Amino acid sequence: MNWNDVLNYTRNGPAPDRRVTKSEGEWKQQLTPEQYRVTRQHGTEAPFTGEHCATYAPGIYACVCCGTELFDATRKFDSRTGWPSFTEPVKENVIGYRMDTSYGMQRVEVLCNVCDAHLGHVFPDGPPPTGLRFCINSASLQKAGSGPEEGAASGLETATMGGGCFWCTEALLDQLKGVESVESGYAGGVKDNPTYREVCNGGTGHAEVVQVRFDPRVLRYSDLLRVFMLMHNPTTLNRQGADEGTQYRSVIFYHNEEQQAAAEAVIREFQPYWEKPIVTQVAPYTRFYKAEEHHQQYYRKDPGKAYCQSVINPKLARMKEFFREHLKTAEPA
Ligand SMILES: [Zn+2]
């Protein structure tokens with residue numbers, strides 16, 4: 001693509017593969033204040049301040065609002081402007097183009113074509129092959145889990161979900177064949193780098209979640225979700241057992257459209273087994289903050305602790321009953 005294509009697209013742009021629409025309140029809930037200001041209110045971050053402005057590690061940059069993959073690090077270059085700069089998007093139809101005449105200038109604004117998040121502007125002064133400079137706010141981007149080590153090349157997928165206390169969810173999902181790693185952390189809130197204490201006080205909006213790296217050739221995402229659904233009570237709003245608060249909400253953060261569809265299907269599949277409606281939230285993944293080190297592998301470090309004995313062990317026993325063939329340490333049936 002070249003500058004002529006850009007100008008044409010401001011009049012008649014390519015149609016996106018899908019659309020994501022949310023209320024302002026929902027975006028506010030999901031994003032940090034800075035992300036909200038930039039993406040939903042057409043803001044601009046101060047140059048040289050964004051976390052992606054001077055990094056060139058391989059990987060894909062996705063829309064911070066809806067997770068759509070937008071730019072590849074191999075098309076990133078140092079424009080010395082203080083904003084991440086790219087020569088082209090991963091696909092032409094992931095970007096929307098709009099003529100922007102604010103501040104008495106004529107510029108072309110670029111937006112996420114799926115959710116209309118403001119990303120930045122595109123200029124005709126970039127390097128080859130396109131001659132374009134997509135000048136993008138860091139705050140509108142997130143690094144997708146698709147670098148060569150962790151992404152497409154390894155064939156691993158990422159899943160993020162919360163079902164009450166993460167010590168428990170982590171211990172259970174870690175037993176499954178095909179699960180390469182499980183990390184405990186926080187997602188879905190408004191504060192950057194929250195601490196356990198802040199999340200527990202309930203003010204950050206984050207849920208306690210686990211981030212699972214798994215091999216879909218061994219464990220299907222929908223099976224991972226089935227284990228997750230069976231191992232917690234998805235009908236108690238903001239509560240699991242004795243743990244109460246929005247940080248204990250039942251939630252599935254999907255990383256792509258297929259995961260969203262799978263999550264909705266598994267919830268429909270489980271509803272008939274419950275008298276009350278399933279309240280599990282299905283929300284787009286935005287960002288995961290790893291919890292403090294002493295929260296990682298809590299069960300494995302000391303299975304004798306009271307919480308492990310009383311809460312985790314009974315669930316492990318149940319899991320062995322229902323998902324024997326999926327367990328790493330499968331005992332003979
Ligand atoms: Zn988007």
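**Exercise 1. Overall dimensions**

Task: In this predicted model, how does the radius of gyration of the protein chain compare with that of a compact globule of 333 residues?

Solution: Start from the expectation, which for 333 residues is a radius of gyration near 20 Å. The protein chain has 21 Å, so the value agrees with a compact globule. Next, look at the extents along the principal axes: the C-alpha atoms fill a box of roughly 65 × 40 × 40 Å. Then add the packing figures. Of the 333 residues, 41% count as buried. Among contacts with a separation of 6 or more, 68% link residues 24 or more positions apart. As for secondary structure, the chain has nine helices and 17 strands.

**Exercise 2. Two domains**

Task: Into which domains is the chain divided, and how many residues does each give to the contact?

Solution: First take the bounds: domain 1 covers 3-143 and domain 2 covers 157-326. The contact takes nine residues from domain 1 and ten residues from domain 2. Now sort the domain 1 side by class, and you find three nonpolar, five polar and one charged residues. Finally, the distance: the centres of the two domains, taken over C-alpha atoms, are separated by 32 Å.

**Exercise 3. Phe123 and Ile136**

Task: Are Phe123 and Ile136 buried or partly exposed?

Solution: Begin by placing the residues. Phe123 is in strand S7, residues 118-123, and Ile136 is in strand S8, residues 133-136. Now count C-beta neighbours inside 10 Å, remembering that 20 or more make a residue buried. Phe123 has 18, so Phe123 counts as partly exposed. Ile136 has 29 and therefore counts as buried.

Then list the contacts beyond four places in sequence. Phe123 touches Arg133 and Cys135. Ile136 is in contact with Trp83, Pro84, Phe86, Leu119, Gly120 and Leu141. To finish, try a distance for each: Phe123 and Tyr221 are 98 residues apart along the chain, with their C-alpha atoms separated by 41 Å. Ile136 and Phe166 are 30 residues apart in sequence and 35 Å apart in space, C-alpha to C-alpha.

**Exercise 4. The nonpolar cores and helix H6**

Task: Which residues touch the most other members of the largest nonpolar core, and which residues of helix H6 are buried?

Solution: A general tendency makes a handy starting point: in soluble globular proteins, nonpolar side chains tend to be buried together. Here the largest nonpolar core has 46 residues, and Leu173, Leu224, Leu225 and Phe253 touch the most other members. Apart from that core lies another, of 33 residues, among them Tyr36, Trp83, Tyr97 and Cys135.

Now follow Leu224 and Leu225 into helix H6 (residues 221-230), where the buried residues are Tyr221, Leu224, Leu225, Val227, Phe228 and Met229. Their cover includes strands S10 (157-163), S12 (207-214) and S15 (250-254), along with helices H4 (166-173), H7 (257-270) and H9 (306-322). Leaving out residues up to four places away in sequence, Phe253 touches Thr160, Met161, Ala187, Gly188, Val209, Ala283, Pro284 and Tyr285.

**Exercise 5. The partners of strand S11**

Task: How many bridges join S11 to S12, and how many join S11 to S17?

Solution: Take S12 to begin with: eight bridges join S11 (residues 179-187) to S12, and the two run antiparallel. One pair to check on screen is Ser184, whose bridge partner in S12 is Val210. Turn next to S17 (residues 288-290), which is joined to S11 by three bridges and also runs antiparallel to S11. Here Gly185 has Lys290 of S17 as a bridge partner.

How values were computed
Residues numbered from 1 in each chain as written. Predicted model: local features only at pLDDT ≥ 70, side-chain atom pairs only at ≥ 80, totals over all residues. Buried ≥ 20, exposed ≤ 12 C-beta atoms within 10 Å, placed from the backbone. Helix = DSSP H or I, 4+ residues; strand = E, 2+ residues; numbered from the N terminus. Contact = placed C-beta atoms within 7 Å. Domains from an automatic or database assignment. Nonpolar A, V, L, I, M, F, W, Y, C, P; charged D, E, K, R; others polar. Rg over C-alpha atoms; globule rule 2.2 N^0.38 Å. Core = buried A, V, L, I, M, F, W, Y, C linked by C-beta atoms within 7 Å. Pairing = 2+ DSSP bridges.
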